[in-house]
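Me: I am new to this structure and would like to go through it step by step. Could you show it first?

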Amino acid sequence: MSQAVNSLPPSVRVSPHELPATLREAGLTNWIREPLDDAVDRRRRIIVPPAAATMGTPLSSARDDMLAETRHADTVLMMGDNPDLPVMPERPTLADFFRLRFGRKSVAHLLQSARVARENGLPDKVILACLLHDIAVAGLISANHGHWGAQMVAPYVDEEVAWAIEKHEALRYFADESVGYRYPEAYLNFFGDDYRPPGHIRREHDEARRHRWYLTARLVTINDIYSFDPDAVVDYAEFEDVVGRHFRQPAEGLGFDGSPVAHMWRTMIWPNNFL
């Protein structure tokens with residue numbers, strides 16, 4: 001028996017480190033990825049939360065302590081593939097982002113909104129805008145998501161589609177009873193019944209109302225499903241035809257085609273990179 005015990009391979013588990021109290025109290029222990037026993041380089045990896053996500057929160061003051069963890073010889077900052085995320089293909093398509101990066105709840109919201117637009121007999125450009133209108137929320141950032149989302153897809157879709165995605169952000173705050181759009185009840189829960197959009201949002205709404213593509217953007221808000229069915233099953237394949245006709249997928253893959261927005265797609269491929 002003792003001979004069998006002695007023949008066991010030595011453990012390669014990294015010794016645990018005592019984290020600073022600031023990191024424990026801020027709940028940042030989950031941002032430190034401890035390696036598995038079979039990890040190739042047996043190093044801990046630190047994910048430093050981005051500044052935009054931590055401003056005004058206790059996490060902002062903990063960034064320096066997270067960086068200080070790299071003083072340990074077995075610790076590095078996260079760069080490249082995070083083993084907790086599925087690896088993206090070498091030439092990722094829009095479908096790959098839907099399946100491997102975008103949040104599951106956001107994907108359900110986008111797919112159901114696009115299905116409703118299709119069931120309402122709307123043209124492809126509106127269906128595509130509904131499918132893409134919240135992709136920034138799904139995989140990048142929520143604040144100013146209409147503008148982020150429009151920029152992300154601008155090189156690959158018709159200008160009217162990108163414009164509708166951008167402007168839906170402002171239009172959704174303002175009812176238009178003439179086309180059947182009411183202020184969403186969900187927003188009363190989200191923001192309170194006393195919320196008033198800031199001046200730049202109100203000005204953008206007014207400008208969009210006078211634009212020739214106003215109805216396209218408004219149709220996005222009309223078909224924007226806020227109380228979607230969590231049990232409904234809508235597969236991305238249902239919209240492969242629309243995407244194939246109207247989304248100019250780069251041969252190099254999203255993130256690697258040298259477009260002005262390629263960096264946004266790369267950020268979603270490697271969202272935890274320090275730099």
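Me: How many of the nine residues of helix H7 are buried?

Reply: Seven of the nine residues of H7, which covers residues 124-132, are buried, so this helix is largely enclosed by the rest of the structure. The buried residues are Val126, Ile127, Leu128, Ala129, Cys130, Leu131 and Leu132. Buried means under 20% relative accessible area, exposed means over 50%, and partly exposed lies in between, with a 1.4 Å probe and protein chains only. Helices (H or I, at least four residues) and strands (E, at least two) are DSSP runs, numbered from the N terminus.

Me: What kind of model is this, and how are its residues numbered?

Reply: This is a predicted model, in which local features need pLDDT of at least 70 and side-chain atom pairs count only at pLDDT 80 or more, while totals for chains, interfaces and linings use all residues. Residues are numbered from 1 along each chain as its sequence is written, and side-chain values use heavy atoms, with hydrogens and water left out.

Me: How many helices and strands does the chain have?

Reply: The chain has 15 helices and three strands. Of its 275 residues, 41% count as buried. The accessible surface comes to about 15,200 Å², and 53% of this belongs to carbon and sulfur atoms. Such areas come from the Shrake-Rupley method with a 1.4 Å probe; for residues, only the protein chains shown count as cover.

Me: Back to the interior. Which residues touch the most other members of the largest nonpolar core?

Reply: They are Phe98, Leu132 and Trp265, in a core of 51 residues. H7 gives the most to this core, with seven residues. A nonpolar core is a set of buried Ala, Val, Leu, Ile, Met, Phe, Trp, Tyr and Cys residues joined through side-chain atoms within 4.5 Å. Apart from the largest core lies another, of five residues, among them Ala170, Tyr173, Phe174 and Tyr187.

Me: And what does Leu132 touch?

Reply: Not counting residues up to four places away in sequence, Leu132 touches Leu94, Phe98, Leu110, Val153, Val157, Ile165 and Phe247. A contact means heavy atoms within 4.5 Å. Across the chain, residues 24 or more positions apart account for 68% of the contacts with a separation of 6 or more.

Me: Changing topic: how many salt bridges are there?

Reply: A search of the whole structure finds twelve. A salt bridge is a side-chain nitrogen of Lys or Arg within 4 Å of a carboxyl oxygen of Asp or Glu. One of them pairs Arg209 with Asp176, with the closest N and O atoms 3.9 Å apart. Arg209 lies in helix H12 (residues 199-209) and Asp176 in the loop between helix H10 (159-171) and helix H11 (185-191), so the pair ties together parts that are 33 residues apart in sequence.

Me: Is Asp176 buried or exposed?

Reply: Asp176 counts as buried, at 6% relative accessibility. Its partner Arg209 counts as partly exposed, at 37%.

Me: What about Glu177: which residue is its salt-bridge partner?

Reply: Glu177 pairs with Arg182, and their closest N and O atoms are 3.8 Å apart. Glu177 is exposed at 53% relative accessibility, and Arg182 is exposed at 62%.

Me: Where do Arg245 and Asp241 sit?

Reply: Both are in helix H14 (residues 240-246), four residues apart, and are therefore separated by about one helical turn. They form a salt bridge with the closest N and O atoms 4.0 Å apart. Salt bridges that share partners join Arg118, Asp124, Asp241 and Arg245 into one network.

Me: Now Asn120. Where is it placed?

Reply: Asn120 is in the loop between helix H6 (104-119) and H7, and is exposed, with a relative accessible area of 51%. The side chains of Asn120 and Asn223 make a polar contact at 2.8 Å. A polar contact is a pair of N or O atoms within 3.5 Å; within protein, one must be able to donate a hydrogen and the other to accept it, and residues adjacent in sequence count only if both atoms are side-chain atoms. Asn120 and Asn223 are 103 residues apart in sequence, and their C-alpha atoms are 8.9 Å apart in space.

Me: One last residue: what is the phi of Asn144 near?

Reply: The phi of Asn144 is near 60°, a positive value in a residue other than glycine. Most residues other than glycine have a negative phi. Asn144 lies in the loop between helix H8 (135-139) and helix H9 (145-153).
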